[in-house]
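These are my notes from a session with the model open beside the sequence. I wanted to go from a single residue outwards to its chain, and then to a sheet and a helix.

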Amino acid sequence: MSTNSSPRGFNLIRSAQKFLVSAFVLFTYVIYALHERFAGPPSEAVSVATPTESLRATQQVFTAPPVSPPTQALPVASQLKLAPPTPLPTATAILQGLYKDGEYTGDRYDVIYGIVQVKAVIQNGKIAQVQFLEYPNDRRTSVRINTVAMPYLTNEAIQAQNANVNIISGATLTSEGFILSLQSALATAKVS
Amino acid sequence: MKETRLLMGMPVTLEVIDASATETALNSVFAYFEYIDRKFSTYKDDSEISLLNKRQITPEQASEALQTILALAEQTKQATNGYFDVTHNGLCDPSGLVKGWAIYNAAELLRQQGFENFYVEAGGDIQAAGKNAQGENWRVGIRNPFNPNEIVKVLSISDCGVATSGTYVRGQHIYNPQNAGQLITEIVSLTVIGPDIYEADRFATAAFAMGREGIRFIERLAGFEGYLIDRHGLATFTSGFRRYTYDAIS
């Protein structure tokens, strides 16, 4: 009996262990499944500086029903009506033909990051074009591509493209040096 | 009909393709930008925002326009986890928010006058509607942050907004709230395409302040795409970005 009881006791422990391991695996799977079900796309698993809470808040901005009842889900700016601008006929009239036709080079401005200088082209009394004559370019564009890209994101080295465009987007046009140089160019062009 | 003027301390360009475009229509939009400048310029002592900062008026006494901006500022601060905050050292400077909002409203003014094909651009931020003179989508170039005479990407857009935030933004409204003194130097340019310029601009500003993480923030925003350029000239773009690039569409 004593020789039998030992394996039987051992079997019981083994069974209990098997049960516990199975239960643990099953439990883990259920938790994982629930997490996958509610946590959204796999990108959520990647740690991001912004907590999920803030992203939810962000999403609500777009999904929340508008306060006033517009016909469609318009962006926030359109819901909050702005007082209609007061027209300024005198101010705009003065602006007509404010500048003399020609090309005017602005002063060179030494801003923290280097020298900026622009040229304004005036046609029919209006600004037709603004060109950069000087701009700091100290940062080398040596490219070291890290192929371990983030999920869904793609990397590429920037490359100059054909300039056949209608509009240009860039922060350069609000840089201090640009504005100062353009203002000095326009001061020269001004009809006295 | 196309015209550029220097307003609000930046070049503002309007182009209306519709044959019915008039000088008067364009003037009314430029007048709107002047009105916004008088109201919100922190450089003008008598602007409403300056009066508010000098405690000469209370938020309750502010005009409807200023109250709207204050409400939008609070909402944006929450939506971006504090990355976009108009209050610095106790003073309110909503310039970063006003710009996109003003462009959006300027475009609405053109729309209300019946125009369908136009764009409004201020300081490199754009609201584009309808088609260009060739009857195609508007072609928007992303400026090379290392060489302003060059573009590095051509977008094809219609009825949406495009905004670019960069290192050289005049009046730094962009800072990292996790480390207020830290300068954002790792990335130099972040372009965001959004449902309109108000949305694109405020999220471009906030995402830029996040540094490299900003592009992931944009990836996770529904209806937004982004193109980030770092200081090595390496670009990272979101999964839907190629839908807006010119090569993909032609």
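Before looking at any residue I fixed my terms: I call a residue buried if 20 or more other C-beta atoms lie within 10 Å of its own, with C-beta atoms placed from the backbone. I also kept in mind that this is a predicted model.

**Entry 1, one residue.** I picked Ile218(B), which is found in helix H6 of chain B, a helix made of residues 214–219. Is Ile218(B) buried or exposed? I found 28 other C-beta atoms within 10 Å of Ile218(B), so this residue is buried, the cut-off being 20 or more. I then listed its contacts, leaving aside neighbours within four places in sequence, and noted Val192(B), Phe203(B), Ala207(B), Phe224(B), Glu225(B), Gly226(B) and Thr238(B). For a long-range check I took Lys2(B), which is 216 residues away from Ile218(B) along the chain, and the two C-alpha atoms are separated by 32 Å.

**Entry 2, the chain around it.** I counted seven helices and twelve strands in chain B, and I noted that buried residues make up 56% of its 250 residues. The C-alpha trace of chain B spans about 55 × 45 × 30 Å along its principal axes. What radius of gyration would a compact globule with 250 residues have? The expectation is near 18 Å, and chain B has 18 Å, so the two agree. Looking at contacts in chain B between residues at least 6 apart in sequence, I found that 56% of them join residues at least 24 apart.

**Entry 3, a sheet with strands from chains A and B.** I followed an open sheet of three strands in the order S6(A)-S7(B)-S8(B), with mixed pairing. Its edge strands, each pairing on one side only, are S6 of chain A (167–169) and S8 of chain B (147–157). Neighbouring strands of this sheet are turned by 35 degrees against each other on average, direction ignored. I looked more closely at where the chains meet in the sheet, and there S6(A) runs parallel to strand S7 of chain B (residues 138–144), the two being joined by three bridges. Within this pair, Ser169(A) stands opposite Ile142(B).

**Entry 4, a helix of chain A.** I checked helix H5 of chain A, residues 176–189, for its length: at 1.5 Å a residue its 14 residues should span 20 Å, and its end C-alpha atoms are 20 Å apart, so expectation and model agree. Which residues of H5(A) are buried? I wrote down Gly177(A), Phe178(A), Ile179(A), Ser181(A), Leu182(A), Ala185(A) and Ala189(A).

Technical notes
Residues are numbered from 1 along each chain as its sequence is written. Chains are lettered from A and ligands numbered from 1 in the order in which they are written. This is a predicted model: local features need pLDDT of at least 70, side-chain atom pairs count only at pLDDT 80 or more; totals for chains, interfaces and linings use all residues. Two strands pair if DSSP finds at least two bridges between them. Axes are lines fitted to C-alpha atoms, for helices over the stretch in contact, and angles run from 0 to 180 degrees between N-to-C directions. The expected span of a helix is 1.5 Å times one less than its number of residues. A residue is buried if 20 or more other C-beta atoms lie within 10 Å of its own, exposed if 12 or fewer, and partly exposed in between; C-beta atoms are placed from the backbone. Two residues are in contact if their C-beta atoms, placed from the backbone, lie within 7 Å. The radius of gyration is taken over C-alpha atoms; the globule rule is 2.2 Å times the number of residues to the power 0.38.
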